[in-house]
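Hello,

Please find the structure below. My notes on it follow.

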Amino acid sequence: MDILPSFNTPAWGDDISPASFPKFEGDAETDVCVVGLGGSGLSCIHELLRLGKRVIGVDAGTVGGGAAGRNGGFLLAGTAEFYHDTVAAIGRERARRIYQLTLAEIDRISSETPDAVRRNGSLRLADSEEEERDCQLQLSAMRADGLSVQPYEGPDGRGLIFPADGSFNPLARCRTLAQRAVQLGAMLHEQSRAVSLGNGEVRTSDGCVRCKHVIVAVDGHLELLLPELAGRVRTARLQMLGTEPAPEVEIPRPVYSRWGYDYWQQLPDGRVVVGGCRDRFIDDEWTTDTNPTTPAQSCIERILRDTVGVTQPVRHRWAAAVSYSSGILPVMDEVRQGVWAIGGYSGTGNVIGALYGRMVAQVAVTGTSELLPALAPNA
Ligand SMILES: Cc1cc2nc3c(=O)[nH]c(=O)nc-3n(C[C@H](O)[C@H](O)[C@H](O)COP(=O)(O)OP(=O)(O)OC[C@H]3O[C@@H](n4cnc5c(N)ncnc54)[C@H](O)[C@@H]3O)c2cc1C
């Protein structure tokens with residue numbers, strides 16, 4: 001296994017310029033303080049700005065420095081579960097509505113940050129006969145509800161193609177949204193960890209934001225910041241690696257296989273990124289640590305070599321924290337008076353996280369949202 005200088009650096013930063021925002025210091029007063037500047041927090045901030053609110057956003061690290069800028073870059077419609085499983089869990093109408101909302105969100109992400117997005121679909125590749133049968137169930141359920149899906153049979157095996165899905169550079173999107181939010185009047189601060197929340201204020205090590213509403217848009221580590229959510233969300237580590245450009249393979253669309261545990265895609269410049277193996281080291285990966293480990297990285301590298309067929313050297317290895325929800329849907333709750341939290345996207349928050357960001361902004365400020373009937377965890 002190569003150990004490289006770019007250890008724990010994602011593949012996404014290579015070709016985009018960095019952004020930087022000042023540390024929060026002193027006292028300030030605003031309408032809403034958003035904690036966490038990943039994809040969900042930034043979506044929330046844009047909605048708050050649209051609603052005419054004054055916003056301060058703080059992040060313990062950097063914009064997109066959490067999972068939102070360190071993920072696989074898949075834009076998948078639906079929930080974290082396959083469509084037929086979602087239908088079984090929450091019913092057909094609601095499953096279909098959520099699927100449609102996530103499709104519309106992918107359209108929105110594409111139109112907001114077109115340079116970062118490719119609408120190249122996605123492929124679910126069956127890894128066993130049992131999974132092929134499961135693909136058939138998914139195909140029937142989706143077709144019955146008029147959702148776009150095609151059976152796939154090709155050199156890699158059998159599975160399903162979802163033509164409306166896509167992929168993106170998640171870090172590029174975060175940086176673009178952050179810069180745009182500042183232009184629209186938001187005040188954003190990096191290296192500003194929230195250490196206490198509640199009673200109309202957010203305290204960081206160097207200052208205090210007084211505000212009417214606090215919105216916590218932290219996915220990984222959520223239950224550490226808000227212990228009230230322990231039992232409803234649980235932090236896990238996900239790991240990936242990225243290679244040099246690999247002309248020996250041509251992967252036209254993002255692929256996930258083995259029930260979604262393993263996933264890979266080829267970037268426009270030919271590099272390949274691969275993630276997975278969490279289930280092989282499940283006890284180790286229920287952790288708040290965000291460093292890559294040799295066993296999981298070796299396992300991912302075997303997928304890279306044996307399944308994906310890439311021979312190029314590995315250039316990046318990285319990990320990040322997400323949280324898994326105990327239910328089929330993520331969490332949105334007013335955890336303390338005036339303190340709202342979202343998270344628990346169960347490893348697939350690029351699309352649904354943006355929707356939850358918008359929904360929590362609307363609910364915190366106006367008391368309701370058109371997204372609630374479909375997305376409210378207990379609706
Ligand atoms: C390796 C990997 C691959 C993945 N692949 C995909 C994929 O292909 N498709 C997909 O849809 N999803 C994927 N995911 C999941 C997806 O990345 C997350 O669900 C999503 O990014 C969550 O976004 P977020 O904005 O809610 O949280 P985050 O991106 O984690 O952002 C939260 C931010 O909060 C900050 N923060 C934490 N604590 C504090 C504090 N106390 N004070 C201030 N700030 C704080 C962090 O620094 C961080 O920047 C993947 C995740 C990983 C790790």
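**Cavity**

A search of the whole structure, which is a predicted model, turns up one cavity of 30 Å³ or more. The volume of the largest cavity is about 50 Å³. Which residues line the largest cavity? They are G78, T79, A80, I328, L329, P330, G344, Y345, S346, T348 and I352. Sorted by class, six of the lining residues are nonpolar and five are polar. The lining has no charged residues.

**Cysteines**

There is one disulfide in the structure. C277 and C299 form the bond, with an S to S distance of 2.2 Å. Which parts does the pair tie together? C277 sits in the loop between β16 (272–275) and α7 (282–285). C299 belongs to helix α8 (residues 294–308). The disulfide therefore links parts that are 22 residues apart in sequence.

The handedness follows from the torsion. About the S-S bond of C277 and C299 it is about -85°, so the disulfide is left-handed.

Are C277 and C299 buried or exposed? C277 has a relative accessible area of 1% and is buried. C299 is at 6% relative accessibility and also counts as buried, because the cut-off is under 20%.

Two further cysteines deserve a check, C44 and C211. Why is C44 not bonded to C33? A disulfide needs sulfur atoms within 2.5 Å. The closest cysteine sulfur to that of C44 is in C33, 10 Å away, so it is too far for a bond. For C211 the closest cysteine sulfur is again in C33. The distance there is 5.2 Å, which is too far for a bond.

Both residues are buried by the numbers. C44 has a relative accessible area of 0% and is buried. C211 has 9% relative accessibility and counts as buried.

**Sheet**

One open sheet is made of three strands. Their order is β3-β8-β4, and the pairing is antiparallel. Which strands stand at the edges? They are β3 (74–75) and β4 (117–118). Each has a single partner strand, so one side of each is left without a neighbour in the sheet.

How many bridges join β3 to β8? There are two, and the strands run antiparallel. Strand β8 covers residues 166–168. Within β8, G166 is the bridge partner of L75.

Best regards

Terms used
Residues are numbered from 1 along each chain as its sequence is written. This is a predicted model: local features need pLDDT of at least 70, side-chain atom pairs count only at pLDDT 80 or more; totals for chains, interfaces and linings use all residues. Side-chain values use heavy atoms; hydrogens and water are left out. On a 1 Å grid over the protein atoms alone, a cavity is a set of points where a 1.4 Å probe fits but cannot get out, and a pocket is an open set with protein on both sides within 12 Å along at least five of seven lines; lining residues have an atom within 4 Å of a point. Grid points are joined across faces, edges and corners, and a volume is the space filled by probe spheres set on the points. Ala, Val, Leu, Ile, Met, Phe, Trp, Tyr, Cys and Pro count as nonpolar, Asp, Glu, Lys and Arg as charged, and the others, Gly among them, as polar. Helices (H or I, at least four residues) and strands (E, at least two) are DSSP runs, numbered from the N terminus. Buried means under 20% relative accessible area, exposed over 50%, partly exposed in between (1.4 Å probe, protein chains only). Two strands pair if DSSP finds at least two bridges between them.
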